[in-house]
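Me: Let us look at this model and ask what lies behind each label.

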Amino acid sequence: MPEVRIEQTGMRSRMVGGLRVEHEGEELVLAGWVHRRRDLGGLLFIDLRDRSGLVQVSFGPEWTDAISWELAHSIGHEDVIRVKGLVVARPDGGSKSQMPTGGVELQVRKFEILSKASTPEIPVYRTPEEELPAEELRLQHRVLDLRRSELQEKLMLRHKLMLAVRVYMDRHGFIEVETPILTKATPEGARDYLVPSRVHKGEFYALPQSPQIYKQVLMVAGFDRYFQIARCFRDEDLRADRQPEFTQIDVEASFVEVDDILGWVEGLMEALAEVSEVDASLPFQRLSWEDAMELYGSDAPDLRYELAIEDWTKATEDLDFGVIRSQVDEGGRVRGFRLAGGGRLSRREIDVIEESARGAGAPGLLWGKRGDEGASGPLGKFMTDEQADRVGLGIGDLVLVCAGKDGLTSPALAAVRQAAIKALELPRVTEHAWLWVTDFPVFEEDEGRVTASHHPFVMPHASDIENIESGPGSVRGTAYDLVYNGTEFGSGSIRIHEPELQRRILRVLGLNEVEIEEKFGFLLKALSAGAPPHGGIALGMDRIVQRFTNSSSLRDTVAFPKTTAARALYEGAPTAPGGSSLEELGLQVNTQNPPERGE
């Protein structure tokens with residue numbers, strides 16, 4: 001970790017992490033927490049910690065004054081102390097220390113205890129062999145958990161990344177504008193957090209799921225290039241990569257095309273990657289949404305691995321296997337993976353891969369191996385040598401196959417791909433795979449119901465506009481996602497700037513004129529005032545920090561995160577309102593379970 005440089009204050013000379021042999025002979029005042037103590041009877045050693053690192057300080061009757069020597073034996077773990085002493089070289093040259101400051105120590109002349117700590121509920125110091133306490137316990141005692149250097153380094157990197165964002169965006173002419181937190185509910189794909197108004201009883205604000213409409217309005221207002229490091233809120237089920245409140249880098253610009261936005265964002269990622277010591281070689285690869293789904297079954301594929309889906313519908317057309325024949329007759333396809341050397345996988349290992357397909361919604365997975373005596377397995381036993389050759393199934397290979405319509409098989413094959421990569425420990429072709437997925441469909445259709453693929457403001461491709469009402473499923477949008485190592489970092493599009501086209505989109509989504517006016521009236525009014533062509537993107541700051549630090553969970557990159565049950569264990573939130581709060585707001589609490597969505 002680089003040295004943290006902070007000017008001298010009235011209580012200390014410097015932070016501890018930058019002390020080196022060249023500081024030998026300096027008399028310093030240091031302050032921090034007692035990380036570890038070792039009492040050897042005639043000598044006392046303490047590792048003193050602040051956010052810049054650790055340094056050893058030593059107490060001994062030969063150099064520590066009598067009062068301080070007496071008091072030193074009462075020092076406990078996590079006490080806050082201030083020490084004054086002389087920097088000396090360690091007798092062993094620090095060869096036994098793994099600390100960057102290990103070549104020196106501070107021989108304490110005088111010291112004082114600034115604050116006594118109660119016995120820590122969870123340890124801050126632990127040996128490399130010791131496991132962390134359970135995450136729930138760490139979240140309950142987050143103030144102690146945050147003292148760990150691993151978390152502090154991640155939050156300090158987060159700070160540097162946010163600073164780099166502001167420097168980069170300013171250099172390219174973007175203006176940071178803060179948009180409202182108390183706003184109007186708009187459909188963004190998740191539930192809103194609602195805030196009751198005391199002044200206007202029975203009415204509610206919504207916390208923003210994103211500043212989407214406001215940033216479009218700012219373009220109409222003539223700000224031309226906007227950005228914001230924005231707090232957003234979504235009341236949805238949580239996972240390791242989701243929090244109910246999160247931070248995004250929000251960007252919008254006028255008089256732009258897709259290449260403009262993608263170019264700026266690539267430059268921004270290059271700047272952030274440099275801070276994080278991550279490679280971001282430009283330009284990033286691009287795949288259309290259609291190609292991504294065809295090759296990988298996912299709109300966020302991990303391209304560190306070359307494994308791609310193959311279409312064997314024609315290659316298996318004469319295969320006498322009822323499962324495949326029935327699926328193809330119903331309009332499905334036969335697709336899968338050929339795994340060179342995959343024949344070494346055991347039946348149990350293949351079962352684990354098959355379970356990933358079931359977890360993604362497929363009824364199962366077909367597979368076949370080929371040995372010296374021919375093919376075997378649920379699929380392989382139906383194959384002649386010629387048919388095995390057609391799908392590229394060589395001696396010692398394995399094929400994994402899903403048959404059916406793409407809507408079912410694509411997500412299943414995406415899951416199978418990840419499971420197969422893990423099972424076979426496939427080599428990576430790169431450590432840092434950046435990808436733009438472009439040309440997303442504007443709409444999604446499910447049992448006659450039409451919804452927005454991204455959000456309702458995506459500009460359709462000009463050649464597809466005529467199909468908005470007659471064939472919404474075929475309409476491509478000028479939308480794009482940024483993907484890094486299989487994780488979606490951000491999503492954006494060129495926006496609709498014509499009010500009548502925006503109305504058409506909203507009508508196809510099932511809104512009547514009253515609903516359109518109620519939900520989007522102020523946006524349509526703004527667009528009617530003369531709107532420039534514009535577009536932008538929103539990038540997940542939390543995810544960027546998570547991936548750049550190889551953290552297993554977003555919770556490790558946020559100072560005070562929520563659990564997967566949306567609870568803040570440290571603060572003890574949410575809580576039932578007390579006193580006269582409900583009466584002032586004109587509310588009553590219904591403690592019965594709410595109906596499930598759709599009831």
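What follows is a short exchange about a helix pair and a sheet.

Me: This is a predicted model. What makes α5 roughly parallel to α14?

Reply: The angle. Helix α5 (residues 212-220) and helix α14 (residues 513-527) pack at about 20 degrees. Angles under 35 degrees count as roughly parallel, so α5 is roughly parallel to α14. Their axes are 9 Å apart. The crossing is left-handed.

Me: Which residues make the contact?

Reply: From α5, I213, Q216, V217 and V220. From α14, F520, F522, L523, A526 and L527.

Me: How many residues of each class does the contact of α5 with α14 have?

Reply: Eight are nonpolar, one is polar and none is charged.

Me: Now the sheet. Why do β6 and β11 stand at the edges?

Reply: Eight strands form an open sheet, in the order β6-β9-β10-β22-β21-β20-β17-β11, with mixed pairing. β6 (175-176) and β11 (285-288) each have a single partner strand, so one side of each has no neighbour in the sheet.

Me: How do you know that β9 and β10 pair?

Reply: Pairing takes at least two bridges. Strand β9 (residues 225-233) and strand β10 (residues 245-254) have nine bridges, in the antiparallel sense. A230 stands opposite Q248 in β10.

Me: Which strands do helices α4 and α7 touch on the sheet?

Reply: Helix α4 (residues 149-171) touches β6, β9 and β10. Its direction makes about 150 degrees with that of β9. Helix α7 (residues 289-296) touches β11 and β17 (434-438). The direction of α7 makes about 90 degrees with that of β11.

Definitions and conventions
Residues numbered from 1 in each chain as written. Predicted model: local features only at pLDDT ≥ 70, side-chain atom pairs only at ≥ 80, totals over all residues. Heavy atoms only, no water. Axes fitted to C-alpha atoms, helices over the stretch in contact; angles between N-to-C directions. Helix = DSSP H or I, 4+ residues; strand = E, 2+ residues; numbered from the N terminus. Parallel < 35°, antiparallel > 145°, perpendicular 65-115°, else oblique. Left-handed = near helix turned anticlockwise from the far one by under 90°. Contact = heavy atoms within 4.5 Å. Nonpolar A, V, L, I, M, F, W, Y, C, P; charged D, E, K, R; others polar.
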